[in-house]
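Let's take a walk through a protein chain and look at how its parts sit against each other. Keep the picture open while you read.

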Amino acid sequence: MKINFFLNHIFCTVDTDPLRSLADVLRNDFNQTDVKQGCKEGECGACAVLIEGVTVHSCIYPVVMAQDKKILTLSGILDTAEYQAIKKGFSDAGSVQCGFCTPGIVIVCYDMFKRNIKPSRDMLMEHLSGNLCRCTGYNSIFKGVELAFEYYKKNMVSGG
Ligand code: FES
Ligand code: FES
């Protein structure tokens, strides 16, 4: 079946089994290797992408459901002020260890920043409850997001 969508603002077509997972299609047909596949069961959040502005675990999202929709992955936000702030915040707070969970967490944070949601600890626990990290114990991630939001609000970084 032919399926069309916009991937990171570019019109794309794929002819495939409609029930394949979006994560599989993005990684293997469109080289979006920043969409990680951990559990493949919708539990860990490593495969998070934004579809029409909503965070989705793409490993359990049949590609057919993406028909005509706008998909954003990490590689589609690299030029934004939101991402640049997150990058600096994570770097300053040492939020990244192995980095496997990072793309999914960045996507969730990007969405929070876009919607101007101030990342209090309660908010972060709620918004990141679907993103598992085996390495950090979360404190450095929370700190990184808080710093990033500060940088973002103070326009301390710029995006394209
Ligand atoms: S790989 Fe999709 S939620 Fe874990
Ligand atoms: S940094 Fe390794 S899983 Fe989060």
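How much area is buried between domain 1 and domain 2, and what share of it do carbon and sulfur atoms give? The buried area is about 1,100 Å², and carbon and sulfur atoms give 70% of it. Buried area here is the accessible area, found with a 1.4 Å probe, that two parts lose on being put together, summed over both.

A quick word on the ground rules. This is a predicted model, where local features need pLDDT of at least 70 and side-chain atom pairs count only at pLDDT 80 or more, while totals for chains, interfaces and linings use all residues. Residues are numbered from 1 along each chain as its sequence is written, chains are lettered from A and ligands numbered from 1 in the order in which they are written, and side-chain values use heavy atoms, with hydrogens and water left out.

**Where the two domains meet**

Domain 1 covers 2-75 and domain 2 covers 81-153; these bounds come from an automatic or database domain assignment. Taken over C-alpha atoms, the centres of the two domains are 21 Å apart. Domain 1 brings 17 residues to the contact and domain 2 brings twelve, with contact meaning heavy atoms within 4.5 Å. On the domain 1 side, Lys36, Leu50 and Leu74 lose the most area to domain 2, together 37% of what that side buries.

What about polar links? Three residue pairs, both residues at pLDDT 80 or more, are in polar contact between the domains. A polar contact is a pair of N or O atoms within 3.5 Å; within protein, one must be able to donate a hydrogen and the other to accept it, and residues adjacent in sequence count only if both atoms are side-chain atoms.

Two elements give two or more residues to the side of domain 1 that touches domain 2: β3 (48-51) and β4 (54-57). Of these, β3 gives the most, with three residues. Helices (H or I, at least four residues) and strands (E, at least two) are DSSP runs, numbered from the N terminus.

**Inside domain 1: helix α1**

Helix α1 spans residues 22-30, and its buried residues are Leu22, Ala23, Val25 and Leu26. Buried means under 20% relative accessible area, exposed over 50%, and partly exposed in between, using a 1.4 Å probe and protein chains only. The cover over those α1 residues includes β1 (2-7), β2 (10-15), β3 and β5 (70-72). Right after α1 comes Asn31, with a positive phi near 55 degrees.

**Three buried residues**

Here are three residues to find in the picture.

| Residue | Place | Relative accessible area |
|---|---|---|
| Ser58 | loop between β4 and β5 | 0% |
| Leu124 | helix α4 | 0% |
| Thr136 | loop between α4 (121-127) and α5 (139-153) | 15% |

Why does Thr136 count as buried? It does so because its relative accessibility is 15%. A polar atom of the Thr136 side chain lies 3.0 Å from the backbone nitrogen of Tyr138.

Which residues surround the other two? Leaving aside neighbours within four places in sequence, Ser58 is in contact with residues including Leu22 and Ala23, both among the buried residues of α1. With the same neighbours left out, Leu124 is in contact with Met112, Pro119, Ser129, Phe142, Val145 and Glu146. Leu124 and Val145 are 21 residues apart along the chain, and their C-alpha atoms are separated by 8.5 Å.
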